Amino acid sequence: MYHLSKNLFFPPVSEANADGILAIGGDLSPERLQLAYSSGIFPWFEEEQPIIWWSPNPRMVLFLEDLVVSKSMRNILNRNIFQVTFNQDFKTVITHCQQVKRDGQTGTWITNNMIEAYCKLHELGIAKSVEVWQDNQLVGGLYGVDLGHVFCGESMFSLVSNASKVAFITLVNHLKINNYRLLDCQVYNDHLASLGCVEIERNDFMQILKG
């Protein structure tokens, strides 16, 4: 495992261990985060830990044409009970993602330093958010890192049922229209699988990322 210094460098992702951990240390500067994501690497750690950099194998992704939208979700979308915006309230979205309670988790990996770092990326136009509103109240959303042809999803939240799914589906449709190749979802979970996400080999992911 590599211990990063102040030098702007990451080892090849093939050096990651079986769990997907590639390196520790370094910083969360915009320059390092941009290099990380463009290299198939992302930070994931808890408050008391050093910065841990990951490149898992396999990688959870969504091929955009494989999005699964249930009949009930189609009905919800057609009823227009939610309004969706892009990049209107990034900091509130990432803060809600930090605060939402998740099954099986006692803490959060979205530390205050992470919020500050991704807000800087947002100011540079690289980190982006999707907001879902109901009666002028923010009730769901997601954020991630936009590489131009691949969108790297980071986290999403719902304060009412289905709001995060509306954010996800709206994002995928936006990516389709703009000819993105992939939505990166990082690691497997059942919820993502239900939406059509699949695991692929890291080498295949890297080929798409570098393409």
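**Exercise 1.** Which residues does I76 touch, not counting residues up to four places away in sequence?

*Solution.* The structure to be examined is a predicted model. Begin by placing the residue: I76 lies in helix α2. Next, list its partners beyond four places in sequence, which are I81, F82, N162 and V166. Then consider its accessibility: buried means under 20% relative accessible area, and I76, at 12%, therefore counts as buried. Finally, look along the chain, where K6 is 70 residues away from I76 and the C-alpha atoms of the two are separated by 49 Å.

**Exercise 2.** Determine how helix α2 is oriented against helix α5, and describe the residues that make the contact.

*Solution.* Locate the two helices first: α2 covers residues 71–79 and α5 covers residues 163–177. They pack at an angle of about 85 degrees, and their axes are 11 Å apart. Since angles of 65 to 115 degrees count as roughly perpendicular, α2 is therefore roughly perpendicular to α5. The contact is made by M73, I76 and L77 on the α2 side, and by K165, V166 and I169 on the α5 side. Sorted by class, this contact has five nonpolar residues, no polar residues and one charged residue.

**Exercise 3.** Carry out the corresponding analysis for helices α1 and α4.

*Solution.* Helix α1 spans residues 30–38 and helix α4 spans residues 112–123, and the two pack at an angle of about 80 degrees with their axes 10 Å apart. By the angle, α1 and α4 are therefore roughly perpendicular to each other. From α1, the contact draws on P30, L33, Q34 and Y37, while α4 contributes A117, Y118, K120 and L121. The residues of this contact divide into six nonpolar, one polar and one charged.

**Exercise 4.** Examine the backbone at P58, N162 and N179, and state where each of these residues is found.

*Solution.* As background, most residues other than glycine have a negative phi, and most peptide bonds are trans. Take the proline first: the peptide bond from N57 to P58 is cis, with omega near 5 degrees, and P58 lies in the loop between β4 (52–54) and β5 (59–62).

Turn next to N162, whose phi is near 75 degrees, a positive value in a residue other than glycine. N162 is found in the loop between β9 (150–158) and α5, and with a relative accessibility of 27% it counts as partly exposed.

For N179, phi is near 65 degrees, which is again a positive value in a residue other than glycine. N179 sits in the loop between α5 and β10 (182–186), and its relative accessible area of 63% makes it exposed.

**Exercise 5.** Assess the overall form of the protein chain from its radius of gyration, its extent and its burial.

*Solution.* Start with the elements, of which the protein chain has seven helices and 11 strands. The radius of gyration is 17 Å, close to the 17 Å that the globule rule gives for 211 residues, so the chain is as compact as a globular protein of that length. Along the principal axes, the C-alpha trace spans about 50 × 35 × 35 Å. Buried residues make up 49% of the 211 residues. The chain exposes about 10,700 Å², of which carbon and sulfur atoms supply 47%. Lastly, among contacts between residues at least 6 apart in sequence, 68% join residues at least 24 apart.

Conventions:
Residues are numbered from 1 along each chain as its sequence is written. This is a predicted model: local features need pLDDT of at least 70, side-chain atom pairs count only at pLDDT 80 or more; totals for chains, interfaces and linings use all residues. Side-chain values use heavy atoms; hydrogens and water are left out. Axes are lines fitted to C-alpha atoms, for helices over the stretch in contact, and angles run from 0 to 180 degrees between N-to-C directions. Helices (H or I, at least four residues) and strands (E, at least two) are DSSP runs, numbered from the N terminus. Angles under 35 degrees count as roughly parallel, over 145 as roughly antiparallel, 65 to 115 as roughly perpendicular and the rest as oblique. Contact means heavy atoms within 4.5 Å. Ala, Val, Leu, Ile, Met, Phe, Trp, Tyr, Cys and Pro count as nonpolar, Asp, Glu, Lys and Arg as charged, and the others, Gly among them, as polar. The radius of gyration is taken over C-alpha atoms; the globule rule is 2.2 Å times the number of residues to the power 0.38. Buried means under 20% relative accessible area, exposed over 50%, partly exposed in between (1.4 Å probe, protein chains only). Accessible areas come from the Shrake-Rupley method with a 1.4 Å probe; for residues, only the protein chains shown count as cover.
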